[in-house]
Amino acid sequence: MTSFIHVNKSEKKEVISRHIYGHFAEHLGRCIYEGIWVGEDSSIPNTRGIRNDVVEALRKLNIPNLRWPGGCFADEYHWKDGIGPRESRPSIVNNNWGKVVENNHFGTHEFLDLCEQLDTEPYICGNVGSGTVQEMQEWVEYITFDGESPMANLRRENGRDQPWKLKYFGVGNENWGCGGKMRVEYYADVYRRYQTFVRSYTDTPIYKIACGPQEADYHWTEVMMREGLGRTEPIPDEVVTDIWEHHRPEMDGLALHFYTRNRANYDSATEFTEEKWFDYMKRTLVMEELVEKHTAIMDKYDPEKTVDLIVDEWGTWFKVEPGTNPGFLYQQNTLRDALVAGINLNIFNNRCDRVHMANIAQMVNVLQAMILTEGEKMILTPSYHVFEMYKVHQDATLLRVSVSTDTYTYGEDSVPMLNVSASQDESGKVHISVCNLDPNNAEPLTCNLDGIGSFSKASGRVLTAEAMNAHNTFSDPNRIKPEAFDEIELKDNEVSVTVPSKSVLVFEVQ
Ligand code: AHR
């Protein structure tokens, strides 16, 4: 059989925000400490305490934004503990993640230094669950205020004269769970209160992100769009409209969290049969339904699409690697993770009308990581390679694809075999990313580009391996990496390829 793709220009120009390719680094296990921060006195080469090897590898991904300090950690984090001379910072217990004691050596200045080293935008998540409104207001003032003020002066005392640029700010994390176990009816009001004091001190307005739903909690989205956003509230007769507008809460984004996992019984990241391969492909595709249904609710209250859907936690969640601390969420990363990454990114690309940002969990040594470290050693995971291959979609114009594909059947169940997205960059080059979910069969694919341009050259790269669970290890770091893919035929604006089984293929047509 053969699959077909017809690539279409959208009626209106839709841009795939580069922020869909965002990342997340939490004070969790060995993500920050060891994975990123080793301290200035470490024998591991570093710049002001931040590992050079990790920064060098991550810079190749063109990371657009980095979410920090959590996660669940954010709603227990008091930022003033993490500023000033390191030796006098208080220690804290990381209650969510293994109850380890942290010395607070990685705080606001170190995080913003990391962002500068990575050339990425910070996305800070504030503490609603156990922090005060004042604390949140002062954090933004500390980071962004240019004039003379108590917080700006404190920043200067701590060695930073110029304010940093900060746009993205989260008002709490998972406030339905670790962030305070709130009902949405309650959080909606808490959000309105806290966001009031998250002030913009510069020409770059703060982009405020509210805690959104867990998975398929559509009630959460409904209430947040109705009450949290408050746009449908009637304007009292006696109030002049523009003054009322001024008093409305601001919400730029609503955060959805969805992990590809089996919560009833966490599975191994590396030891699995085809049954579990299929299971994880199917679980990943649920993201499409979630984005669609949450978007439909948002459309009802916000047809102009002024509020974005922000998928600021997604990725695989497996059993931790044997012998490691269960609170550290350290897992290996195989070809299966690469497919999960490729499918999710295709889904976000295709829904870029509402999805402005997404953040894979997490950047180093935690969950579906880009990088794993062991002492001074570092390896790149298959998921890293997918982000590197897909970076061509960042800020490119979405091309809508009509896909007619075979199915991948396992037992009684099946999923579409190919999963696709496409975009065109400023220079006119078209990039098509294709995931073949079937671990047993390669699939011939024909791709029609009529109406997009006139093309004469095609090339590609593929990520695949012999085994479904192929992964890189510290003794075999390059077992799985992208390879050039030359078997592409281009004739009369039609591209023909055979997509290898269990692969992520990105090809370029110009
Ligand atoms: O990413 C790990 C954890 O998953 C985060 O801290 C939390 O927000 C989510 O439940």
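Let's start with a pair of helices: α5 passes α6 in a right-handed crossing. This is a predicted model, so take what follows as a walk through computed geometry. The axes of α5 (residues 184–196) and α6 (residues 218–228) come within 9 Å and cross at roughly 40°. That angle makes α5 oblique to α6.

Who does the touching here? On the α5 side, the contact is made by Val184, Glu185, Tyr187, Ala188, Tyr191 and Arg192, and on the α6 side by His219, Trp220, Val223, Met224, Glu227 and Gly228. Sorted by class, that contact of α5 with α6 has 7 nonpolar, 2 polar and 3 charged residues.

Now for the barrel. Here 8 strands close up in the order β2-β5-β8-β9-β10-β11-β12-β13, with parallel pairing. From one strand to the next, the twist averages 30°. If you want one pairing to look at, try strand β11 (residues 253–261) and β12, which pair in the parallel sense over 8 bridges. Within that pairing, Arg261 stands opposite Trp317 in β12.

Helices pack on this sheet, and one of them is already familiar. Helix α6 touches β10 (207–214) and β11, and its direction makes about 150° with that of β10. Helix α2 (residues 108–118) also packs on the sheet, where it touches β5 and β8 (121–126); the direction of α2 makes about 150° with that of β8.

Two of the barrel strands also carry the partners of a salt bridge. The side chains of Arg67 and Glu313 meet at 2.9 Å, N to O. Arg67 sits in strand β5 (residues 65–68) and Glu313 in strand β12 (residues 308–317), so to speak a link between distant parts of the chain, 246 residues apart. A search of the whole structure finds 33 salt bridges.Next comes another helix pair, α9 with α10. The axes of helix α9 (residues 335–350) and α10 come within 7 Å and cross at roughly 35°. As for handedness, α9 passes α10 in a right-handed crossing. Which residues meet? From α9 there are Leu335, Asp337, Ala338, Ala341, Gly342, Leu345 and Asn346, and from α10 Pro382, Ser383, Val386, Phe387 and Tyr390. By class, the residues of this contact divide into 8 nonpolar, 3 polar and 1 charged.

That leads on to another sheet. It is an open one, formed by 10 strands in the order β23-β22-β26-β20-β19-β16-β1-β21-β25-β24, and the pairing is mixed. Why do β23 (483–485) and β24 (489–491) each have one side without a neighbour in the sheet? Because they stand at the edges, each with a single partner strand. Neighbouring strands of this sheet are turned by 25° against each other on average, direction ignored.

Look inside the open sheet at β16 (residues 397–404) and β19 (residues 418–424): the two run antiparallel and are joined by 3 bridges. There, Leu398 stands opposite Ser423 in β19. Helix α10 (residues 382–390), which you met through α9, packs on the sheet as well. The strands α10 touches are β20 (430–436), β22 (458–463) and β26 (503–509), and its direction makes about 165° with that of β22.

Key: Residues numbered from 1 in each chain as written. Predicted model: local features only at pLDDT ≥ 70, side-chain atom pairs only at ≥ 80, totals over all residues. Heavy atoms only, no water. Pairing = 2+ DSSP bridges. Helix = DSSP H or I, 4+ residues; strand = E, 2+ residues; numbered from the N terminus. Axes fitted to C-alpha atoms, helices over the stretch in contact; angles between N-to-C directions. Contact = heavy atoms within 4.5 Å. Parallel < 35°, antiparallel > 145°, perpendicular 65-115°, else oblique. Left-handed = near helix turned anticlockwise from the far one by under 90°. Nonpolar A, V, L, I, M, F, W, Y, C, P; charged D, E, K, R; others polar. Salt bridge = Lys/Arg side-chain N within 4 Å of Asp/Glu carboxyl O.
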